[in-house]
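I opened this notebook to record what I looked up in one structure, element by element. The entries follow the order in which I asked my questions.

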Amino acid sequence: MNLDRIYTPGKLGRLELKNRWVMLAIHTGYADEDGSFSQRDMAFYKERAKGGAAAITLVGGVNEIGCQDRMHRLDDDRYNQGIKEVCRMIHQGDGKSNCKVFMQLFHAGRNNTAQCHNGALPLCPSKVPSPIYRTEPKEMTEADIEETIEAFAEAAKRCKICGVDGVEVSISAGYLLSQFLSPLVNLRNDRWGGDEKRRMAFPTAVLTAIRQAVGEDYTVIAKISGGDMLGGYDVPYMIDFINQLPKGTLDGVTVTGGWHEAPTPQISYHVAPGGFAYLAEEIKKGTGLPVIACNRINSGEAAAELLGRGIIDFVGAARPFLTDPAFAQKVRQGIPYNKCQGCNRGCIERVLKYKDVQCAFNPQTGREYLGVTAKRFEKVLVVGAGPVGLTAAKLLLEAGSQVIIVTEEKEIGGKLAIAAAPPGKQDMMAFRQYLAYEIEKAGGKVMTETAFSEELIKEEQPEHIYFAVGAEPRIFEIQGMKESGMVTACAEDVLRAGSVPEGIRSVVIVGGGTVGLETAEFLAVQEGAGLQITVLEMAEKAGKDLGGLKWIMMKSLKKLGVQVKTSAKVVRAEKGCLVVSEGEAESRYLCDMAIFAVGSAPRGDLGLKEKLEARGIGVTVLGDGARPSNIMEGLRTAYEAISGK
């Protein structure tokens with residue numbers, strides 16, 4: 001991998017960036033109630049400013065109605081001091097970083113609710129509700145449009161005065177300016193809509209006003225969707241839009257995929273690394289402007305490959321810096337980093353529910369302002385070397401404790417290898433590599449193939465023991481199962497084995513949560529059409545715990561020919577089938593093998609807490625050992641238990 005191209009300077013307008021990494025805008029939800037930059041913001045961005053990116057993009061609403069909940073605002077002088085402070089802090093970085101600041105000028109348009117603005121309806125070109133927020137918006141009047149154009153221009157001017165190095169205008173993802181471009185949302189028949197040219201008029205007026213407000217020597221870029229991916233507009237239309245702008249309006253373009261509601265995965269692990277870079281390539285060819293590619297460029301390899309081909313000029317990454325603040329720096333140094341998994345759990349899904357941004361794989365994200373106050377032990381044992389145990393060990397080592405990790409398994413990582421088995425989730429193993437590196441660097445001791453025993457306690461004399469021994473998957477009894485001769489297994493065993501036993505032609509997966517559905521998808525891909533797969537879920541809906549990724553999973557299973565039956569309760573087993581109650585009727589499903597994905601039982605403290613505490617040894621149970629949950633919850637509880645935050 002040749003990193004030279006990534007770490008060479010580049011220009012956007014007159015602004016020179018030290019390398020090709022741009023941290024993209026993230027609506028963190030950390031702003032103070034009045035929309036000012038908070039101390040939480042400052043601590044969050046201070047860590048990222050030291051992380052090696054050439055520029056960090058902040059985001060601010062151009063007026064009150066354009067803001068989403070807890071978003072920074074740019075529409076009053078009272079925000080100037082906070083903008084100046086965050087710019088000064090990012091510019092300083094670690095004293096030598098020379099990190100630049102962009103501010104994304106944002107207006108949500110219809111992607112909002114009246115709850116955020118004391119009953120005021122969100123604005124939109126026409127009264128077409130967002131399928132995500134579902135509030136019928138107010139159709140913008142001529143006065144609304146003129147006021148919004150002025151708000152964008154004034155926000156840009158404020159940014160320049162306050163020390164922001166350049167502005168990025170949001171015309172993407174289904175927010176206001178992109179709404180005007182789409183005939184699916186812009187149903188107007190006036191000078192702001194009615195044909196392709198008139199639909200360009202409003203974003204053109206906004207960009208023109210911004211350029212007039214900041215002058216020709218200030219860097220202005222736009223963030224666009226290559227197309228809405230809904231059938232409204234596409235790349236050729238966006239090329240035409242950019243090319244019809246007055247010369248010198250833009251200095252570059254950030255190019256993302258489609259709108260949030262598009263029926264195509266945009267930023268989850270289902271998207272191949274750099275999967276939408278082709279859109280940036282087309283925009284670059286069609287306009288001649290420098291482009292910043294984005295969407296799932298979460299590794300040095302992907303960035304180097306795209307830059308090396310010359311199809312893009314800069315690499316945009318947002319969530320990789322959530323997961324690891326020093327992402328760009330570590331890529332350059334060639335050391336393991338905490339890689340973004342594209343799970344969406346802590347970031348996009350929380351933002352869409354008006355919650356603050358977190359990261360499933362970095363429990364410290366958003367908590368930087370709390371500082372590090374973990375208790376220091378002379379010696380501590382961590383029993384279990386899964387992701388929760390390893391994260392606990394890392395945090396304890398950072399606090400200065402001597403840490404010994406004990407596991408009966410041959411390798412560390414616990415169930416990460418199982419979690420990495422389903423399609424698209426191979427990056428899970430990078431998390432193990434990162435934790436192993438951090439623990440070794442900090443001087444942690446790892447004892448594999450070692451049973452936790454009385455002899456070990458006597459030998460090591462720990463002050464405290466953290467149990468992170470996980471949970472055992474459940475397999476419940478089914479009437480007639482033994483007599484049926486049916487093969488049974490838990491989903492974990494199937495994923496670990498990588499296949500079903502030879503001769504199995506039909507499987508029924510009992511349990512339609514994340515584990516059951518991922519196992520079904522895995523087997524459908526591995527075994528192909530030769531294996532009939534049915535998933536049975538007792539609840540009315542399957543995949544509830546998949547959150548915003550549920551639709552992607554269900555679409556994939558349908559394409560693969562997997563049957564998913566809900567409100568289905570297994571009654572008994574018979575020769576070659578499972579009998580299932582579906583309402584008042586009974587159905588039979590062919591079944592050579594029953595695979596159980598029905599939850600787990602926590603292993604807790606292995607029944608040793610009272611004995612250990614009687615000897616003066618502290619005991620804490622972490623992760624699934626205390627309460628089975630997902631990895632985000634497990635890592636968060638480990639962080640809270642150790643840091644006290």
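The entries below deal with two sheets, the packing of one helix, and two single residues.

**Entry 1: the parallel sheet**

I began with the reminder that this is a predicted model, and then asked in what order the strands of the five-stranded sheet are arranged. The order reads β15-β14-β13-β16-β27, in an open sheet whose pairing is parallel. At the edges I found β15 and β27 (618-621), each of which pairs on one side only. From one strand to the next the twist averages 20°. I also noted that α13 packs on this sheet, where α13 touches β13, β14 and β16 (464-467), and that the direction of α13 makes about 170° with that of β14.

**Entry 2: strand β14 and its partners**

I next looked at β14, residues 403-406, and asked whether its faces are covered or open. Both faces are covered, since Val 403 and Ile 405 on one side are buried, as are Ile 404 and Val 406 on the other. Towards β13 (residues 380-383) I counted four bridges, with the two strands running parallel, and in this pairing Val 380 stands opposite Val 403. To get from β13 to β14 the chain passes through helix α13 (residues 387-398), and I recorded this β-α-β crossover as right-handed. Towards β15 (residues 445-447) there are three bridges, again with a parallel run, and Ile 404 has Lys 445 of β15 as its bridge partner.

**Entry 3: α13 against α22**

Having met α13 as the connection between β13 and β14, I wanted to know how α13 lies against other helices. I kept in mind that two packed helices are described by the angle between their axes and the distance between the axes. For α13 and α22 (residues 631-643), the axes come within 9 Å and cross at roughly 30°. An angle under 35 degrees counts as roughly parallel, so α13 is roughly parallel to α22. I noted the crossing of this pair as right-handed. On the α13 side the contacts are made by Pro 387, Val 388, Thr 391, Ala 392, Leu 395 and Leu 396, and on the α22 side by Ile 631, Gly 634, Leu 635, Ala 638, Tyr 639 and Ile 642.

**Entry 4: α13 against α15**

I then put the corresponding question to α15, residues 428-441: at what angle do the axes of α13 and α15 cross? They cross at roughly 30° and come within 9 Å, and the two helices are therefore roughly parallel to each other. The handedness I wrote down for this pair is left-handed, whereas the crossing of α13 and α22 is right-handed. The α13 residues that meet α15 are Pro 387, Leu 390, Thr 391, Ala 393, Lys 394 and Leu 397, and their counterparts in α15 are Phe 431, Tyr 434, Leu 435, Glu 438 and Ile 439.

**Entry 5: the antiparallel sheet and Ser 587**

I moved on to an open sheet of three strands, ordered β22-β23-β24, in which the pairing is antiparallel. Because β22 (569-574) and β24 stand at the edges with a single partner strand each, one side of each is left without a neighbour in the sheet. The twist here averages 30° from one strand to the next. Between β23 (residues 577-582) and β24 I found six bridges, and Leu 578 stands opposite Tyr 589 of β24.

Within β24 (residues 585-590) I picked out Ser 587 and asked how much of its area is accessible. Its relative accessible area is 21%, so I entered Ser 587 as partly exposed. Beyond its neighbours within four places in sequence, Ser 587 is in contact with Leu 578, Val 579, Val 580 and Glu 582.

**Entry 6: Arg 158**

My last question was whether Arg 158 is buried or exposed. Arg 158 belongs to helix α3, residues 142-161, and has a relative accessible area of 12%; buried means under 20%, so Arg 158 is buried. Apart from its neighbours within four places in sequence, Arg 158 is in contact with Leu 74, Asp 75, Asp 76, Asp 77, Asn 80 and Ile 83.

How values were computed. Residues numbered from 1 in each chain as written. Predicted model: local features only at pLDDT ≥ 70, side-chain atom pairs only at ≥ 80, totals over all residues. Heavy atoms only, no water. Buried < 20%, exposed > 50% of the residue type's maximum accessible area, 1.4 Å probe, protein only. Pairing = 2+ DSSP bridges. Right-handed = clockwise from strand over helix to strand, strands pointing away. Axes fitted to C-alpha atoms, helices over the stretch in contact; angles between N-to-C directions. Parallel < 35°, antiparallel > 145°, perpendicular 65-115°, else oblique. Left-handed = near helix turned anticlockwise from the far one by under 90°. Contact = heavy atoms within 4.5 Å.
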